[in-house]
Each structure stands twice: as C-alpha cells, then as structure tokens.
Amino acid sequence: MVSLIVHGLLGVVVIWFAVASNPRIFSRPPGGPRFSNLEVVYYAVGVASIAVGYYFNTQFVTEYATASSNPIWGPGSWQQFIALGYVNPAAASVSQDYTIINLVLLPLFTIADGRRRGIRRPWIFFVSSLFTSCAFAYAFYFATMERQRRHS
C-alpha cells in the first residue's frame, strides 16, 4: 500500500511541476472565469480516471501483494500487474492498445504539439501518465491547450 501512496504523491509533484513550469498558461485569463466549462469537463474526466484507476490499483495490491512484496517484481508488483494485462486475448488487446497510446502516441503528441505551442517541458504530461493515468494526462494536456487558447 505504501507504493500506491508514493505513486500518488509523485503524481501530485509532477502535476505541480507542469503548472509551475508554465505560469503564464496557468495564470487566470484576463476578462473571463478562472476555468472555462471545457476545462472543467477535462479536469473532471481526468480526476475521475484517477479515482477509478486507484480504486482498481488498491484492489490489485490488496489482493496480490504480500508483506515482503516490493513494487518492482513479485506478488502485487508492476511486473505482475503488466503480466496480468496479457492473461487472455481480450485483456491483451486492451493492454497493447493502452501501451501504444500511453508510451508512444502521448509523448509524441504532447512533445511535438507542446513545442509548437510554446509549452515549457511538454514531456512532463507523459511523465504524469506514469503516476496518474493515461486519460488524466490527455485531459490535463487538453485543458492546458484550452487555457492557452483563452489567453490568446
């Protein structure tokens, strides 16, 4: 369970780092509300994805981890978590799709698009997905794009 708490804290640190790296984008847009309706929707979806993911991650750790487990290999670890994603063809189909989206498309998109938009450290959105969720990382990036649009 300690690994989930550390994981969550690292997620908060990475999100803070992204916001702190882009103070102009995350400042309040002049002449408008603090958050647009679209930003609220993006953040709500992202936070919901974290809540649901941590619910299932907690179940996984509770069910599989032992007192002597470590978070890298063995019972209740990342290695076992990944292996269980491939236990049958249906799970493997979803897992390979998620893996490609999260490890290939998310960094390619956020880094290329972020550089074009002048977002500082756009790779941090990918890093956030390692501690939050892939859906949160995309929602966070889309909310950032919307906020940047509101500033222009």
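## Terms and overview

A residue is called buried when its relative accessible area is under 20%, exposed when that area is over 50%, and partly exposed in between. With that in hand, let's walk through this structure, which is a predicted model.

The protein chain folds into 7 helices and 0 strands, so the order of elements from the N terminus reads α-α-α-α-α-α-α, with each helix counted as a DSSP run of at least four residues. Its C-alpha trace spans about 55 × 30 × 25 Å along the principal axes. Of the 152 residues in the chain, 36% are buried. Contacts that reach along the sequence are well represented: among those between residues at least 6 apart, 67% join residues at least 24 apart. The chain exposes about 9,000 Å², and carbon and sulfur atoms supply 71% of that area.

## Aromatic pairs and a cluster

Aromatic rings are a good place to start a closer look, since the structure holds 16 aromatic pairs. One of them joins Tyr43 and Phe140, whose ring centres lie 6.5 Å apart with the planes at 45°, so this pair counts as tilted. The two partners come from distant parts of the chain: Tyr43 sits in helix H3 (residues 37-64) and Phe140 in helix H7 (residues 134-151), 97 residues apart. Phe140 is buried, because its relative accessibility is 3%.

A second pair, Phe109 with Phe142, is edge-to-face, with 6.4 Å from centre to centre and 70° between the planes. Because Phe109 lies in helix H5 and Phe142 in helix H7, this pair ties together parts that are 33 residues apart in sequence. Both partners are in the middle class of accessibility: Phe109 is partly exposed at 31%, and Phe142 is partly exposed because its value of 28% falls between the two cut-offs. The four residues described here also belong to one aromatic cluster, whose members include Tyr43, Phe109, Phe140 and Phe142, along with Phe26, Phe35, Tyr42, Phe125, Phe136, Tyr138 and Tyr141.

## A nonpolar patch on the surface

Helix H5 turns up again on the surface. A nonpolar patch of about 510 Å² is made by Ile100, Leu103, Val104, Leu105, Leu108 and Leu130. Helix H5 (residues 89-117) gives the most to this patch, with 5 residues. Leu130, by contrast, is found in helix H6 (residues 124-131). Leu130 counts as partly exposed, because its relative accessibility is 34%.

## Ser95 in helix H5

Ser95 also has its place in helix H5. Is Ser95 buried or exposed? Its relative accessible area is 16%, so Ser95 is buried. A polar atom of its side chain lies 2.7 Å from the backbone oxygen of Gly85. Leaving aside residues up to four places away in sequence, Ser95 touches Gly85 and Tyr86.

## An unusual backbone angle

Which residue has a positive phi although it is not a glycine? That residue is Arg121, with a phi of about 55°. This is worth a glance because most residues other than glycine have a negative phi. Arg121 is placed in the loop between H5 and H6, and it counts as partly exposed, because its relative accessibility is 30%.

Terms used
Residues numbered from 1 in each chain as written. Predicted model: local features only at pLDDT ≥ 70, side-chain atom pairs only at ≥ 80, totals over all residues. Heavy atoms only, no water. Patch = residues over 30% accessible without salt bridge, like charges linked within 9 Å, V, L, I, M, F, W, Y side chains within 5 Å. Areas by Shrake-Rupley, 256 points an atom, 1.4 Å probe, with all protein chains shown as cover. Salt bridge = Lys/Arg side-chain N within 4 Å of Asp/Glu carboxyl O. Helix = DSSP H or I, 4+ residues; strand = E, 2+ residues; numbered from the N terminus. Buried < 20%, exposed > 50% of the residue type's maximum accessible area, 1.4 Å probe, protein only. Polar contact = N/O pair within 3.5 Å; in protein donor to acceptor, adjacent residues only side chain to side chain. Contact = heavy atoms within 4.5 Å. Phe/Tyr/Trp six-rings, centres within 6.5 Å; stacked < 30°, edge-to-face > 60°.
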